[in-house]
Amino acid sequence: MAQDGAEMAAGTAEGYASHDGVEHSGFNIHPMDQFVVQPFFSDGPVGMFTVTNATVWMALAVLCTVLLLVVTTRGRNVVPTRAQSMAELSYGFVYKMVHDVTGRDGIKYFPYVMTLFMFIVMANLLALIPTSFAPTSHIAVTAVLALLVFFGVTILGFVKHGMGFLGLFWVSEAPLILRPVLALIELISYFVRPVSHSIRLAGNIMAGHAVLKVFAGFAGALGLFAFVPVLAITAIYALEVLVAFIQAYVFVMLTCVYLKDALHPSH
Amino acid sequence: MEHEEVESVLGTGDAVADGTGMPQLDLSTFPNQIFWLIIALVAIYFVLARVALPRIGAVLAERQGTITNDIAAAEELKLKAADAEKAYDKALADARAEAQRIAEKNRAEMQATLDEKQEEADREIAEQVAESETRIAEIRDSAMANVEEVAKETAEALVAALGGQADSEAVNAAVDERMEERSR
């Protein structure tokens, strides 16, 4: 621990950037390196406004969102082009989800939900480009996303229903004796929501990318038999493409469910 | 000191440096990530709310309207076509009935004419037959008279030839008697 402290004093930022000569035996696999946040243009500490690799890949997610939803729809064609069809499909996908889950009065919040979906799905998919960075693998990012939903939905619930929003925790169908117990459970589960909401997304993305990196390390170590891990990487990559989309879908679907609870809190 | 302790427990710091820790738990990068995340979300939100979503929504609504109109127009045309078909069928049926009627009328007229002509012809034939019969009767009567005369003369001649004195009265009576026997 004393050693650790000394090295840490030397500065964590440099520490992440390279493994200055510390070689481990056999496999030289560092699956977590890809998640290190570091300045993009220069070395040095990561300040609040530093342009980091996370910044760059978030910006690319914004750019791709604009490309998909704004640039392709410039023609406003009644008979859509292929690209415009993709934009309309994305729109329809999220719109239908919001409408089906929250009902007609939830449509007002469609732009917020769409913002979350586009950011997450674009960040997830861009992160699958080799050597890229996955902002959504970071708990800092997903926690902010989940807390935005959590606070937004809670405030909305109280604004819409006042104290009636607490009816969400009071299961009126249950026997009277059980209701306080159920209310406690409901309350706990309500506060656990942002935790599971954020860790699910970050965990899935991080695990997938780490596994890819581990197999890549095997490929480097196996020489001629590298084709085995390469095939495995191909298969896992396909799975990860699916996961990238499904996790965005799950995140947004849960957002809609929470939104529905806020709009219609009665059990 | 406390901060360092927390970082060590979370597996940041040096643990990250040797590839086993989680960069996700490096609190020093949190402000940076959160700051840029908020910027990104706000940017996406404004682009979507101001430009992308209204535009796509308008396009979809317009398409829906076009489709609805087209379907309505198609429905109208279909009704028109059905009407036209009905009218055509009616005209066809009318024409058939008219043709039937005309044919019937013609047939009746022709039948009438035919009957008339037939009757006329029958009458003419009957007239001619009657005329012919009277003439035949006349001819027969005159022939009979001739035969009687010839018979009387012949009988007188025969009686004279046989050397008798011909009593013309008696001869005539005998011939009449005989001829009456014949014609009986």
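This tour goes through a predicted model of two chains, A and B, one selection at a time.

**Chain A as a whole**

Select chain A and colour by secondary structure. Eight helices appear and zero strands, so the order from the N terminus reads α-α-α-α-α-α-α-α. Of its 267 residues, 36% count as buried. Among chain A contacts between residues at least 6 apart in sequence, 64% join residues at least 24 apart.

**Annotated spans in chain A**

Next, select residues 54-72, 109-133, 139-159, 210-230 and 236-259 of chain A; an unreviewed UniProt entry annotates them as "transmembrane region". Two of these spans can be examined in turn. Residues 236-259 are 100% helix and 0% strand, with end C-alpha atoms 33 Å apart. Residues 210-230 are 81% helix and 0% strand, and their end C-alpha atoms lie 15 Å apart.

**Helix α4 of chain A**

Select residues 82-102 of chain A, which form α4(A). From first C-alpha to last, the 21 residues of this helix reach 30 Å, close to the 30 Å expected at 1.5 Å a residue. Show side chains for Gln84(A), Ala87(A), Glu88(A), Tyr91(A), Val94(A), Met97(A), Val98(A) and Thr102(A), which are buried. What covers the buried residues of α4(A)? The cover includes α3, α5 and α8 of chain A, together with α3 of chain B. Step past the end of the helix to Gly103(A), which follows α4(A) and has a positive phi, near 90°.

**Chain B as a whole**

Switch to chain B. Its secondary structure comes to four helices and zero strands, running α-α-α-α from the N terminus. Chain B has 184 residues, and buried residues make up 14% of them.

**The helix α3 of chain B**

Select residues 30-161 of chain B, which are α3(B). The end C-alpha atoms of this helix are 183 Å apart, which agrees with the 196 Å that its 132 residues should span at 1.5 Å a residue. Centre on Leu48(B), where α3(B) bends by about 50°.

Does α3(B) lie largely in the open or largely buried? Twelve of its 132 residues are buried, so the helix lies largely in the open. The buried residues are Phe30(B), Asn32(B), Gln33(B), Trp36(B), Leu37(B), Ala40(B), Leu41(B), Ile44(B), Leu48(B), Ala52(B), Ile56(B) and Val59(B). Leu48(B), the site of the bend, is thus on the list of buried residues. To see what they pack against, add α3, α4, α5 and α6 of chain A.

Two annotated spans can be coloured on chain B. An unreviewed UniProt entry lists residues 34-53 as "transmembrane region"; this span is 100% helix and 0% strand, with end C-alpha atoms 26 Å apart. Residues 74-127 carry the annotation "coiled-coil region", also from an unreviewed entry. The chain there is 100% helix and 0% strand, and the end C-alpha atoms are 78 Å apart.

Now move to Ala157(B), which is in α3 of chain B. Ala157(B) has 12 C-beta neighbours inside 10 Å and therefore counts as exposed. A distance drawn from its C-alpha to that of Met144(B), 13 residues away in sequence, reads 20 Å. Just after the helix, Gly163(B) takes a positive phi of about 95°.

**The contact between the chains**

Show both chains and select the contact: 51 residues from chain A and 41 residues from chain B. On the chain A side, α1, α2, α3, α4, α5, α6 and α7 each supply at least two residues. Which helix gives the largest share of that side? It is α3(A), with ten residues. Coloured by residue class, the chain A side divides into 32 nonpolar, 14 polar and five charged residues.

**The largest nonpolar core**

Finish with the largest nonpolar core, which has 63 residues; Phe117(A) and Phe119(A) touch the most other members. Elements giving two or more residues to this core are α3, α4, α5, α6, α7 and α8 of chain A and α3 of chain B. The largest share, twelve residues, comes from α5(A). Centre on Phe119(A): leaving out residues up to four places away in sequence, it touches Ala61(A), Ala40(B), Leu41(B) and Ile44(B). Ala40(B), Leu41(B) and Ile44(B) are among the buried residues of α3(B).

Note on methods
Residues are numbered from 1 along each chain as its sequence is written. Chains are lettered from A and ligands numbered from 1 in the order in which they are written. This is a predicted model: local features need pLDDT of at least 70, side-chain atom pairs count only at pLDDT 80 or more; totals for chains, interfaces and linings use all residues. Two residues are in contact if their C-beta atoms, placed from the backbone, lie within 7 Å. Ala, Val, Leu, Ile, Met, Phe, Trp, Tyr, Cys and Pro count as nonpolar, Asp, Glu, Lys and Arg as charged, and the others, Gly among them, as polar. UniProt positions are given in the numbering used here, feature names are shortened, and annotations may be inferred rather than shown by experiment. The expected span of a helix is 1.5 Å times one less than its number of residues. A residue is buried if 20 or more other C-beta atoms lie within 10 Å of its own, exposed if 12 or fewer, and partly exposed in between; C-beta atoms are placed from the backbone. The bend at a residue is the angle between axes fitted to the seven residues ending there and the seven starting there. A nonpolar core is a set of buried Ala, Val, Leu, Ile, Met, Phe, Trp, Tyr and Cys residues joined through C-beta atoms within 7 Å.
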